[in-house]
Amino acid sequence: MSPATPHPTIAQAATTYAIALGSNRRGRHGSPEREIAAALETLGTVVARSPTVASAPLGPSNRRYANAVALIETQEDPAALLVRLKRIERAFGRRPGRRWGSRVIDLDIILWSGGAWSSPGLTVPHAAFRTRSFVLGPLAGLIPNWRDPLTGRTIRQLAQSVDRKRPRD
């Protein structure tokens with residue numbers, strides 16, 4: 001190629017992300033379950049999604065959460081995806097506030113097929129996902145054999161270890 005010949009465009013491959021969705025407050029779409037359904041429509045290419053499950057709140061909130069996990073494909077790197085997810089949260093009416101307070105929608109990047117990522121304001125895998133059954137249960141239903149890039153354990157193994165820590169009735 002001569003210097004004047006443009007280089008061919010190289011298509012960037014899509015990568016897969018596991019996104020956790022949570023809501024415990026009504027919004028313009030209705031109930032928390034409906035907020036999650038509406039948020040799923042905004043994520044782009046959703047290749048799989050878990051059923052929505054209910055969970056007890058973390059922290060001071062009294063409201064139960066509706067939670068789900070979606071697998072999406074995108075060409076965005078984790079930092080660009082985080083910017084888009086925060087934009088979606090704002091569009092749904094989420095405002096900065098008390099940690100673990102009630103919210104119309106919460107969108108978190110849990111895993112990325114590219115492995116681990118760390119930048120200011122973002123760590124992938126999500127720092128707390130290994131201890132949260134409301135994330136691991138739905139994830140195990142979708143991607144039981146996906147390995148945590150930091151521990152090497154499968155999602156199924158992580159989910160089972162969280163279940164074992166709790167006394168059974």
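A residue is called buried here when its relative accessible area is under 20%, and in this predicted model both Arg103 and Asp106 meet that description.

**A charged network around Asp106**

Side chains of opposite charge can pair when their charged atoms come close. The structure holds six salt bridges, and a network of such bridges links Lys86, Glu89, Arg94, Arg103 and Asp106. Three of the pairs involved are set out below.

| Pair | Closest N to O distance |
|---|---|
| Arg94 and Glu89 | 3.2 Å |
| Arg94 and Asp106 | 2.7 Å |
| Arg103 and Asp106 | 3.5 Å |

Arg94 lies in the loop between α2 and β5 whereas Asp106 belongs to strand β5, so their salt bridge ties together parts that are twelve residues apart in sequence. Asp106 has a relative accessibility of 14% and therefore counts as buried, while Glu89, with a relative accessible area of 3%, is buried as well.

**Strand β5 and its partner β1**

How many of the residues of β5 are buried? Seven of the seven are, so the strand is largely enclosed by the rest of the structure. Strands β1 and β5 run antiparallel and are joined by six bridges, and within this pairing Ile19 stands opposite Ile109 of β5.

An aromatic cluster made up of Tyr17, Trp112 and Trp117 includes a contact between these two strands. The rings of Tyr17 and Trp112 have centres 6.2 Å apart and planes at 15 degrees, so this pair is stacked. Because Tyr17 is in strand β1 and Trp112 in strand β5, the pair ties together parts that are 95 residues apart in sequence. Tyr17 is buried, at a relative accessible area of 0%, and Trp112 also counts as buried at 14% relative accessibility. Between Trp112 and Trp117 the ring centres are 5.7 Å apart and the planes stand at 85 degrees, so the pair is edge-to-face; Trp117, at 24% relative accessibility, counts as partly exposed.

**Nonpolar cores and helix α1**

The largest nonpolar core has 24 residues, and the members that touch the most others are Leu21, Leu43, Leu85, Leu107 and Ile109. Two or more residues of this core come from each of β1 (15-23), α1 (32-42), β4 (65-74), α2 (78-91), β5 (106-112) and β7 (122-124). Apart from this core lies another, of 17 residues, which includes Val69, Leu71, Leu111 and Phe129.

Which residues does Leu21 contact, leaving aside its neighbours within four places in sequence? Among them are Ile36, Ala39, Leu40 and Leu43, together with Ala66, Val69, Asp106 and Leu107. Of these, Ile36, Ala39 and Leu40 are among the buried residues of α1, along with Pro32, Glu35 and Ala38. An α-helix has 3.6 residues a turn, so residues three or four places apart point the same way. The buried residues of α1 are covered by elements that include β1, β2 (45-49), β4 and β5.

**Local backbone and ring features**

Most residues other than glycine have a negative phi, and most peptide bonds are trans. Gly44, which follows α1, has a positive phi near 100 degrees. The peptide bond from Val124 to Pro125 is cis, with omega near 5 degrees, and Pro125 is placed in the loop between β7 and α3 (133-142). A further local feature concerns a charge and a ring: Arg28 lies over the face of Phe92, at 5.6 Å from the ring centre.

Note on methods. Residues are numbered from 1 along each chain as its sequence is written. This is a predicted model: local features need pLDDT of at least 70, side-chain atom pairs count only at pLDDT 80 or more; totals for chains, interfaces and linings use all residues. Side-chain values use heavy atoms; hydrogens and water are left out. A nonpolar core is a set of buried Ala, Val, Leu, Ile, Met, Phe, Trp, Tyr and Cys residues joined through side-chain atoms within 4.5 Å. Buried means under 20% relative accessible area, exposed over 50%, partly exposed in between (1.4 Å probe, protein chains only). Helices (H or I, at least four residues) and strands (E, at least two) are DSSP runs, numbered from the N terminus. Contact means heavy atoms within 4.5 Å. Two strands pair if DSSP finds at least two bridges between them. Rings of Phe, Tyr and Trp (its six-membered ring) pair if their centres lie within 6.5 Å; planes under 30 degrees apart count as stacked, over 60 as edge-to-face and the rest as tilted. A charge sits over a ring if NZ of Lys or CZ of Arg is within 6 Å of the ring centre and within 35 degrees of the ring normal. A salt bridge is a side-chain nitrogen of Lys or Arg within 4 Å of a carboxyl oxygen of Asp or Glu.
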